[in-house]
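Work through the exercises below with the model open. Try each task before you read its solution.

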Amino acid sequence: MHKEDKYECLLKERYQSLCSYAAPSERLLRDTIQKARRLEQKHPGRKSGRAVYKGAIVLASACICLYAAMPVLAASSDSMYRLMYHVSPQAAQYFMPVELSDTTNGIQMEVVSASVRGNTAQAYVTMQDLEGDRIDRTIDLYDSYSINRPFDSSCHCELVGYEESTKTATFLITIEQFGNQKIGGDKITFTVGTFLSGKKTYQDLLVPLELSHITDAASVQEVEVQGLGVSDEKWMDALWKNSQKYLTALVPAAPMPQFSVDGIDLTGIGYVDGMLHIQTAVPDPLESDNHGEFYLKNDAGKTVNSAYSFSYSEETQQGKRVDYHNEVFEIGKDELAGYRLYGDFVISGKKTDGKWRVTFPLEEEK
């Protein structure tokens, strides 16, 4: 090794060693921000509380910027990057290195193009399975993606294509900055943590139940509502606007064999206070995106949709979660006899976890 090269290596090692001591620990930064938040929550109306909170944030930001400027970028640590982005998206994205491709679990995510026109940026990102058949035309990012940018904007991601021969799905990311301002020169980080594939769709599925035999529910229970949807305006005031926290639901029974959709169980049907309740269950809901809805249809083609629906969760004795979805119809027993039960459902077959992240610059089109 030449004397100059040896001297340069020694300087590099010494510099990196000094940087490692200058870097604040992730725990220190996290604790600082948490303590500042607690103080602000404890004294929300006091100027001193806000001042301390703001001062702590400034201090944490300064520490983060110092560490981000080091040769070993903070972006290499997921937890540090998240903290940087929370405190200062501009600083986090500025120091984030450009990486147009990332491969995890044999699946490659790659940025193929990105451009800016005025206040709108668009990028095409592909995901390709290099080892198996986990990606198909039904791929769904399962709300696991994030689009990190250093400015206020609206954004979304949509599937726009699939190539069967290469098992490659193409997504289009669209970002629109508020205020009609130009956004050229910035960097965007796109991450994906989970995707679903192998989806199966059931449309206009007939459920062979004899509705004329439906009676009052044998047993009901009060449940804490976790999700509520109202489709009939007459129920809006009674349910949605009054924020009903507890509602009456059927007590789940054994799955009915007449309903043949794998991944969703029909666990009850009956009348409660003059309203027809239909209940389904989805075991292990975090492992799928199984969902659907029922409707009634007679021979004349008249369709009756649910007036409202609600959902709640329970835990089995084995410690597994089950989500229950309850649809409520406003139809009398005598009228029900002239209808049949139908439904539309979507079942996801495969869930693939990973950690894919790409960062790309935005350049204005000339």
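The exercises go from the whole chain to single residues and ring pairs.

This is a predicted model: local features need pLDDT of at least 70, side-chain atom pairs count only at pLDDT 80 or more, and totals for chains, interfaces and linings use all residues. Residues are numbered from 1 along each chain as its sequence is written, and side-chain values use heavy atoms, with hydrogens and water left out.

**Exercise 1. The whole chain**

Task: Describe the protein chain by its secondary structure and its burial.

Solution:
- Step 1. Take the elements. The protein chain has 7 helices and 19 strands. These are DSSP runs, numbered from the N terminus: helices are H or I with at least four residues, strands E with at least two.
- Step 2. Take burial. Of the 366 residues, 39% are buried. Buried means under 20% relative accessible area, exposed over 50%, and partly exposed in between (1.4 Å probe, protein chains only).
- Step 3. Take the contacts, meaning heavy atoms within 4.5 Å. Among those between residues at least 6 apart in sequence, 71% join residues at least 24 apart.

**Exercise 2. The nonpolar cores**

Task: Find which elements give two or more residues to the largest nonpolar core.

Solution:
- Step 1. Define the set. A nonpolar core is a set of buried Ala, Val, Leu, Ile, Met, Phe, Trp, Tyr and Cys residues joined through side-chain atoms within 4.5 Å.
- Step 2. Locate the core. The largest one has 28 residues, and Met109, Met127, Ile135 and Phe195 are among those with the most contacts inside it.
- Step 3. List the elements. They are strand 2 (107–117), strand 3 (120–129), strand 5 (153–163), strand 6 (168–177), strand 7 (187–197) and strand 19 (350–361).
- Step 4. Look for another core. A second, separate one has 24 residues, including Ile214, Ile264, Phe294 and Phe329.
- Step 5. Go back to Met127. Its contacts beyond four places in sequence include Met109, Ile135, Leu141, Phe195 and Trp356.

**Exercise 3. Gln93**

Task: State whether Gln93 is buried or exposed, and name its polar partner.

Solution:
- Step 1. Place the residue. Gln93 sits in helix 5 (residues 89–95).
- Step 2. Check its area. At a relative accessible area of 1%, Gln93 is buried.
- Step 3. Find the partner. The side chains of Gln93 and Thr189 share a polar contact of 2.9 Å. Such a contact is a pair of N or O atoms within 3.5 Å; within protein, one must be able to donate a hydrogen and the other to accept it, and residues adjacent in sequence count only if both atoms are side-chain atoms.
- Step 4. Add the neighbours. Gln93 also touches Tyr81, Tyr85 and Asn148, among others.

**Exercise 4. Two cysteines**

Task: Explain why Cys157 has no bond to Cys155.

Solution:
- Step 1. Set the cut-off. A disulfide is a pair of cysteine sulfur atoms within 2.5 Å.
- Step 2. Compare. The closest cysteine sulfur to that of Cys157 is in Cys155, 9.3 Å away, which is too far for a bond. The structure holds 0 disulfides.
- Step 3. Add exposure. Cys155 is partly exposed at 28%, whereas Cys157 is buried at 15%.

**Exercise 5. Ring pairs**

Task: Classify the pair formed by Trp235 and Tyr308.

Solution:
- Step 1. Recall the rule. Rings of Phe, Tyr and Trp (its six-membered ring) pair if their centres lie within 6.5 Å; planes under 30 degrees apart are stacked, over 60 edge-to-face, the rest tilted.
- Step 2. Apply the rule. Trp235 and Tyr308 are 5.3 Å apart centre to centre, with 50° between the planes, and the pair is tilted.
- Step 3. Read the span. The pair ties together parts 73 residues apart in sequence.
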